[in-house]
Amino acid sequence: MTTLHETTTNTSAAPPAVPLLELVGVTKTFGAMTANDNIALSIMPGEIHAILGENGAGKSTLMKMIYGVLAPDAGRIRWNGEDVTIRDPAHARRLGIGMVFQHFSLFETLTVAENISLSIDEKPATLAPRIAAIGERFGLPLDPAALVHSLSVGQRQRAEIIRCLLQAPRLIIMDEPTSVLPPSGVAPLFETIRELAAGGCAVLFISHKLEEIRSLCHRATIMRAGKIVGSVDPTAETSESLARLMIGRNVPHPTRRTARPGKDAVLELRDLDHTPNDPFGTRLEKIGLEVRPGEILGIAGVSGNGQREMAALLSGEALLPRAERDRIRIAGVGCGDADAGQRRRMGFAFVPEERNGRGAVPEMSLTLNALLTGHGAGLVRRGFVAQRHARHFAESCISAMNVRCAGPQSEARSLSGGNLQKFIIGREIRLAPKVLVASQPTWGVDVGAAAAIRQELITLRDKGVGILIISEELEELFEVADRLQVLFRGRLSPSLDRAEADTARIGDYMTGGFLSAPSIATAA
Ligand SMILES: Nc1ncnc2c1ncn2[C@@H]1O[C@H](COP(=O)(O)OP(=O)(O)OP(=O)(O)O)[C@@H](O)[C@H]1O
């Protein structure tokens with residue numbers, strides 16, 4: 001293993017290069033939890049530097065200190081060879097540090113341009129064409145006039161990335177920037193990053209996608225439980241060896257046997273047309289699908305093609321008129337007009353793509369978050385919360401999913417992104433549903449935990465549960481789904497068995513290839 005300095009020190013007579021950013025002995029604790037322990041790190045101008053680590057390893061905490069969101073308890077931060085105390089994000093931006101957050105920091109009721117104008121100090125009207133232009137140039141198309149609450153997670157992340165690029169930073173911190181980008185958006189983003197680096201901008205890049213790190217980054221620093229455990233040239237590693245360095249063991253691959261689905265569907269959408277209230281939403285047309293007990297149906301497609309609208313209709317967040325209730329059926333019973341609580345009582349469980357706000361209440365403890373959807377599962381008795389049961393239930397989610405936290409009393413917001421996701425999945429699985437709908441189930445989750453979640457989903461399927469997974473990650477769908485359908489511009493493709501669903505076929509469907517098929521064209 002080489003160290004950073006071995007690769008960056010110039011052996012000629014040129015003066016030693018000064019790191020753009022240097023961390024010396026940086027430490028941060030939260031109560032008894034040491035999130036960052038004596039961190040030493042240096043980044044040169046023009047370097048694309050990956051920070052790798054399991055969920056909860058301390059990556060985001062470290063980035064937040066560099067961006068002035070958190071203050072270190074000990075240690076020094078040096079910028080361009082001089083000690084600095086980064087007081088807040090505005091100070092970081094003045095220094096030339098930009099950050100794309102994993103949890104979005106956009107105001108929902110403002111437009112994209114209004115949001116960006118808050119940190120750029122330029123009028124939304126003059127910003128709008130620049131936003132459109134930079135979006136166009138970097139393959140991140142986005143309507144500057146769109147209200148943020150109407151955007152998908154992927155589109156919100158685009159807004160964050162564009163905001164950061166507009167500030168022309170000298171160091172750009174990207175916390176899982178590709179996790180919700182469409183596959184076609186990754187290559188242009190990498191081109192952007194390479195261009196930025198060629199111009200001398202340093203990039204700190206956090207990702208759980210090891211192939212991305214191998215193809216993009218010059219160095220990778222590996223963190224485990226708050227400490228740096230290594231620094232490598234990722235191009236000289238394989239994904240397996242990087243994963244091993246990160247989690248300290250080989251990553252298991254989920255095992256599965258052929259599905260033996262039951263006959264009668266546990267979830268059906270029949271010829272469903274739906275125009276969302278949101279003017280920026282996607283209209284759904286003639287959506288039809290069936291999930292039987294003991295099978296996993298995967299919905300592939302790039303986010304923004306109706307995934308949000310479909311998830312809202314499935315979960316009961318958006319309702320159909322009573323006359324159309326039969327277009328959505330759970331275990332054969334029409335429920336299109338039933339609210340989320342009624343559907344849950346019918347055996348429906350749901351993992352939304354947004355863990356904060358929809359999947360969990362950030363300010364509440366994990367026990368109370370377990371109660372949110374688990375109250376019907378014996379956690380409330382005679383109108384009173386059964387405290388002990390609720391705590392045990394939360395504890396069982398924590399231990400089964402290996403959630404890194406201080407215990408069931410921890411507030412949801414104190415968990416790292418991936419750990420909160422693991423908790424939410426664990427909670428929904430433990431409700432013993434008849435049907436589970438999970439949207440982007442492993443978004444932001446490390447490779448080891450993603451494999452564990454996929455295995456849990458397969459095990460749940462084998463117990464006879466019908467599962468619908470909406471995911472942008474084709475690899476994931478190929479690993480867990482028994483059948484696949486693709487959502488494109490609010491239309492759902494015919495179903496393909498996993499054996500017939502190769503990347504080329506799905507890719508064709510993802511660009512609307514199925515719409516020219518005679519049966520669909522007629523239906524249109
Ligand atoms: N505000 C906070 N209060 C208490 N604990 C916190 C707080 N912020 C972070 N932690 C804890 O610090 C540890 C490191 O969290 P951090 O978010 O830095 O991890 P991460 O490596 O970015 O994980 P992920 O890959 O899941 O995003 C976690 O155990 C987390 O629970």
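Student: Of the 20 residues around the ligand, which come nearest?

Tutor: Heads up, this is a predicted model: local features need pLDDT of at least 70, side-chain atom pairs count only at pLDDT 80 or more, and totals for chains, interfaces and linings use all residues. Residues are numbered from 1 along each chain as its sequence is written. A residue is near the ligand if its C-beta atom, placed from the backbone, lies within 6 Å of it. Of the 20 residues around the ligand, those that come nearest are Phe 30, Asn 55, Ser 60, Ser 416 and Gly 418.

Student: How many residues of the shell around the ligand are charged?

Tutor: Sort them by class: Ala, Val, Leu, Ile, Met, Phe, Trp, Tyr, Cys and Pro are nonpolar, Asp, Glu, Lys and Arg are charged, and the others, Gly among them, are polar. The shell has six nonpolar and eleven polar residues, and the charged ones number three.

Student: Which domains each give at least three residues to that shell?

Tutor: The chain is divided into domain 1 (45-68 + 87-247), domain 2 (267-347 + 433-523) and domain 3 (363-427), with bounds from an automatic or database domain assignment. The shell around the ligand draws at least three residues from each of domain 1 and domain 3.

Student: What class are the residues on the side of domain 1 that touches domain 3?

Tutor: The centres of the two domains, taken over C-alpha atoms, are 31 Å apart. Still, five residues of domain 1 are in contact with six of domain 3, where contact asks for C-beta atoms, placed from the backbone, within 7 Å. On the domain 1 side there are no nonpolar and no charged residues; the five are polar.

Student: Are H4 and H5 roughly parallel or roughly perpendicular to each other?

Tutor: Helices here are DSSP runs of H or I with at least four residues, strands are E runs of at least two, and both are numbered from the N terminus. The axes of H4 (residues 112-120) and H5 (residues 124-137) come within 9 Å and cross at roughly 105°. Angles of 65 to 115 degrees count as roughly perpendicular, under 35 as roughly parallel, over 145 as roughly antiparallel and the rest as oblique. H4 and H5 are therefore roughly perpendicular.

Student: How many nonpolar residues are in the contact of H4 with H5?

Tutor: From H4, Val 112 and Ile 116 are among those taking part, and they meet H5 residues including Leu 127 and Ile 131. Besides one polar and one charged residue, the nonpolar count in this contact is eight.

Student: Is Leu 52 buried or exposed?

Tutor: Leu 52 lies in strand E3 (residues 48-53), and its contacts beyond four places in sequence include Ile 213, Ile 222 and Leu 242. A residue is buried with 20 or more other C-beta atoms (placed from the backbone) within 10 Å, exposed with 12 or fewer, and partly exposed in between. Leu 52 has 28 of them, so it is buried.

Student: How does Phe 30 count, with its C-beta neighbours inside 10 Å?

Tutor: Phe 30 lies in strand E1 (residues 21-30). Leaving aside neighbours within four places in sequence, Phe 30 is in contact with Ala 35 and Ser 414. Phe 30 has 13 C-beta neighbours inside 10 Å, so it counts as partly exposed.

Student: What phi does Gln 440 have?

Tutor: Gln 440 is found in the loop between strand E19 (435-439) and helix H15 (447-462), and it counts as buried because it has 26 C-beta neighbours inside 10 Å. Gln 440 is not a glycine, yet its phi is positive, at about 50°.

Conventions. Axes are lines fitted to C-alpha atoms, for helices over the stretch in contact, and angles run from 0 to 180 degrees between N-to-C directions. Two residues are in contact if their C-beta atoms, placed from the backbone, lie within 7 Å.
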